[in-house]
Amino acid sequence: METTDELTVRPVRPADEARILEITKDVWEGRDYIPRVFDRWVSDAGAEFQAAEIDGEVVAVQRIRPYAPGLVWYEGLRVASTHRRRGIARAMLDAAVEEARQQGFREMRLATRDRPAVELFESAGFRRLVEMRWWRGLRVEGGEPSRIPDPSEAPRLWSMASASKGIELYGGICPDMNGARDLDAHELERLAREGLVRVGPGGRALALLREPWGQNVAVSLLAGSGGALREVLLALRFEADADGLKHVTVNLPPGHPAEDDLRASGYDFADAERSAYIYALTL
Ligand SMILES: CC(C)(COP(=O)(O)OP(=O)(O)OC[C@H]1O[C@@H](n2cnc3c(N)ncnc32)[C@H](O)[C@@H]1OP(=O)(O)O)[C@@H](O)C(=O)NCCC(=O)NCCS
């Protein structure tokens, strides 16, 4: 597929690994996650991991991954530092959007924390669904993890969560940074089936977990408040300890009432400077 006169986009191949590791070496002070996921991405037939070439040299990559009915997740955009500000990222994104549109997807979503990327996505028409700050609570010994509800409890939990203060700050989605789905009773049920819901006493608070990126328990959404929520937050720190993990990370929209409960439960800002955002484009 030609995107500009000189840019060719094609699937990434195993033989591209060395070049792609070179491109990612100076991203995020060497902490890019692509080297860790390269083998999985290159062999995953359920997504498109694409490379852009100029004169036979790979200069950029991106990945487009269907993850829920009608939804496609956009990730892994990297342009070699030697080739930036020439419109390569914009051309690749345009091609990805066009492809997803042609395949009949309803919406493309993504997560980012980077200023240049925010500029790129906003100028391409993506709208911000949610802003999130990172909180962290260290593991604590000795207590009981909280209850994992049965999927049949989802409708009741949803009526608590949907009326919970601050829920509107989530923009109608569960902000899982690996693929944000619409937030509703059906999603709660799906997460409960996967064992990713934790509830407080009387079902008056809950935490939704996501697949973590490191040695931690990762929380993408909190609902409920006060004593019930504080019990869940503390129990997550017990759970991290019981699972041999270092800490719990929680993504929370700034200004959410659970900030007070996090502080009261021994959590602090893991990264006060930078927010993460989830964006969406209707196709
Ligand atoms: C973000 C990145 C992909 C942009 O690639 P690029 O090919 O240089 O981007 P383009 O030349 O296509 O620029 C497209 C738009 O992005 C924005 N942009 C790109 N670089 C920018 C920068 N340094 N500062 C501010 N805005 C920037 C601008 O809006 C730009 O449009 P303009 O040139 O009309 O002003 C590249 O800088 C990169 O790989 N960064 C490291 C990894 C990363 O942050 N990836 C995104 C993760 S979601």
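In which sense do β3 and β4 pair, and over how many bridges? Keep that in mind as we walk through this predicted model.

**Stop 1: colour by confidence**

Start by colouring the chain by pLDDT. The mean for the chain is 94, and 98% of its residues reach 70 or more. Look for strand β9 (residues 197-199), where confidence is highest, at a mean of 98. Then find strand β13 (residues 267-282), where confidence is lowest, at 89.

**Stop 2: two hairpins in a row**

Select strand β2 (residues 48-54) together with strand β3 (residues 57-68). These two strands are antiparallel partners, joined by seven bridges. To see one pairing, show E48 and its bridge partner in β3, I64. The two strands form a hairpin with two residues between them. In that turn, click on D55, which has a positive phi of about 50°.

Now add β4 (71-79). Here is the answer to the opening question: β3 and β4 pair in the antiparallel sense, over seven bridges. Show R63, and you will find E75 of β4 opposite. This pair of strands is also a hairpin with two residues between them, and G70 in the turn has a positive phi of about 80°.

**Stop 3: across to β5**

Keep β4 on screen and select strand β5 (residues 107-112). β4 and β5 run parallel and are joined by three bridges. Show W73 and R109 as sticks: W73 stands opposite R109 in β5. Next add the helix α3 (88-102). Together, β4, α3 and β5 make a right-handed β-α-β unit.

**Stop 4: the ligand**

Which elements each supply at least two residues of the shell around the ligand? They are β4, α3 and α4 (115-123). Select α4 on its own, since you have already met the other two. α4 gives the most to this shell, with six residues. Of the 19 residues around the ligand, R84, A89, P116, E119 and L120 come nearest. Colour the shell by class, and you will see eight nonpolar, three polar and eight charged residues.

**Stop 5: an unusual loop**

Finish in the loop between α1 (17-24) and α2 (34-42), where W28 has its place. Most residues other than glycine have a negative phi. W28, however, has a positive phi of about 50°. E29 lies in this loop between α1 and α2, and has a positive phi of about 45°.

Are these two residues buried or exposed? W28 counts as exposed because it has 10 C-beta neighbours inside 10 Å, and E29 counts as exposed because it has 7. The cut-off for exposed is 12 or fewer.

Key
Residues are numbered from 1 along each chain as its sequence is written. This is a predicted model: local features need pLDDT of at least 70, side-chain atom pairs count only at pLDDT 80 or more; totals for chains, interfaces and linings use all residues. A residue is near a molecule or strand if its C-beta atom, placed from the backbone, lies within 6 Å of it. Helices (H or I, at least four residues) and strands (E, at least two) are DSSP runs, numbered from the N terminus. Ala, Val, Leu, Ile, Met, Phe, Trp, Tyr, Cys and Pro count as nonpolar, Asp, Glu, Lys and Arg as charged, and the others, Gly among them, as polar. Two strands pair if DSSP finds at least two bridges between them. A crossover is right-handed if, with the strands pointing away from the viewer, the path from the first strand over the helix to the second runs clockwise. pLDDT is the predictor's confidence in each residue, from 0 to 100. A residue is buried if 20 or more other C-beta atoms lie within 10 Å of its own, exposed if 12 or fewer, and partly exposed in between; C-beta atoms are placed from the backbone.
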